[in-house]
Amino acid sequence: MEVKVSGMTCGGCVKSVTNALKALDQNAEVSVSLETQTIQIKTSKETNDVKHTIEEAGFDVLNIQ
Ligand SMILES: [Cu+2]
């Protein structure tokens, strides 16, 4: 899925959101773009779980598709 977020500003943000998603699903494939504020994630987890995890990590989820 592709997640549009806001609030990621640096490499630390990328690391924390990636770690949070890996904690949710250790087999997840996560690719984060700071430039477009987009997270590409391959996971078997529910969309809602992914949304919640990203929000818990401190970022706003604008859109998931
Ligand atoms: Cu940061």
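The dialogue below walks through a predicted model of one protein chain, feature by feature.

Q: Which secondary-structure elements does the protein chain have, and in what order do they run from the N terminus?

A: The secondary structure of this chain comes to two helices and four strands, and from the N terminus on these elements follow the pattern β-α-β-β-α-β.

Q: How does the radius of gyration of the protein chain compare with what the globule rule gives for 65 residues?

A: The radius of gyration is 10 Å, close to the 11 Å that the globule rule gives for 65 residues, so the chain is as compact as a globular protein of that length. Along its principal axes, the C-alpha trace spans about 25 × 20 × 20 Å.

Q: In what order do the four strands lie in the sheet, and what is their pairing?

A: In general, strands of a sheet pair through backbone hydrogen bonds, either parallel or antiparallel. Here the four strands form an open sheet in the order S2-S3-S1-S4, with antiparallel pairing. Strand S2 (29-33) and strand S4 (60-64) stand at the edges and have a single partner strand each, so one side of each is left without a neighbour in the sheet. On average, neighbouring strands of this sheet are turned by 25° against each other, if direction is ignored.

Q: How many bridges join S2 to strand S3, and which residues stand opposite each other?

A: Five bridges join S2 to strand S3 (residues 38-42), and the two strands run antiparallel. Among the facing residues, Glu29 stands opposite Lys42 in S3, while Val32 has Ile39 in S3 as its bridge partner. The hairpin of S2 and S3 has four residues between the strands, and in this hairpin Gln37 takes a positive phi near 55°.

Q: Where do helix H1 and helix H2 lie with respect to the strands?

A: Helix H1 (residues 11-24) packs on the sheet, where it touches S2 and S3, and its direction makes about 160° with that of S2. Helix H2 (residues 47-56), in turn, lies across strand S1 (2-6), S3 and S4, and runs at about 155° to S4.

Q: Which residues make up the largest nonpolar core, and which elements give two or more residues to this core?

A: To read a core, one looks for buried nonpolar residues that are joined to one another. In this chain the largest such core has twelve residues in all, namely Val3, Val5, Met8, Val17, Leu21, Leu24, Val32, Ile39, Ile41, Val50, Ile54 and Phe59. The elements that give two or more residues to this core are S1, H1, S3 and H2, and the largest share, three residues, comes from H1. Val50 is in contact with Met1, Val3, Ile41, Thr43 and Lys45, leaving aside its neighbours within four places in sequence.

Q: Is Leu34 buried or exposed?

A: A residue counts as exposed if 12 or fewer other C-beta atoms lie within 10 Å of its own. Leu34 has 12 C-beta neighbours inside 10 Å and therefore counts as exposed. Leu34 has its place in the loop between S2 and S3, and, not counting residues up to four places away in sequence, Leu34 touches Met8 and Val14. Although Leu34 and Ser6 are 28 residues apart along the chain, their C-alpha atoms are separated by 9.4 Å.

Definitions and conventions
Residues are numbered from 1 along each chain as its sequence is written. This is a predicted model: local features need pLDDT of at least 70, side-chain atom pairs count only at pLDDT 80 or more; totals for chains, interfaces and linings use all residues. Two strands pair if DSSP finds at least two bridges between them. Axes are lines fitted to C-alpha atoms, for helices over the stretch in contact, and angles run from 0 to 180 degrees between N-to-C directions. Two residues are in contact if their C-beta atoms, placed from the backbone, lie within 7 Å. A nonpolar core is a set of buried Ala, Val, Leu, Ile, Met, Phe, Trp, Tyr and Cys residues joined through C-beta atoms within 7 Å. A residue is buried if 20 or more other C-beta atoms lie within 10 Å of its own, exposed if 12 or fewer, and partly exposed in between; C-beta atoms are placed from the backbone. The radius of gyration is taken over C-alpha atoms; the globule rule is 2.2 Å times the number of residues to the power 0.38.
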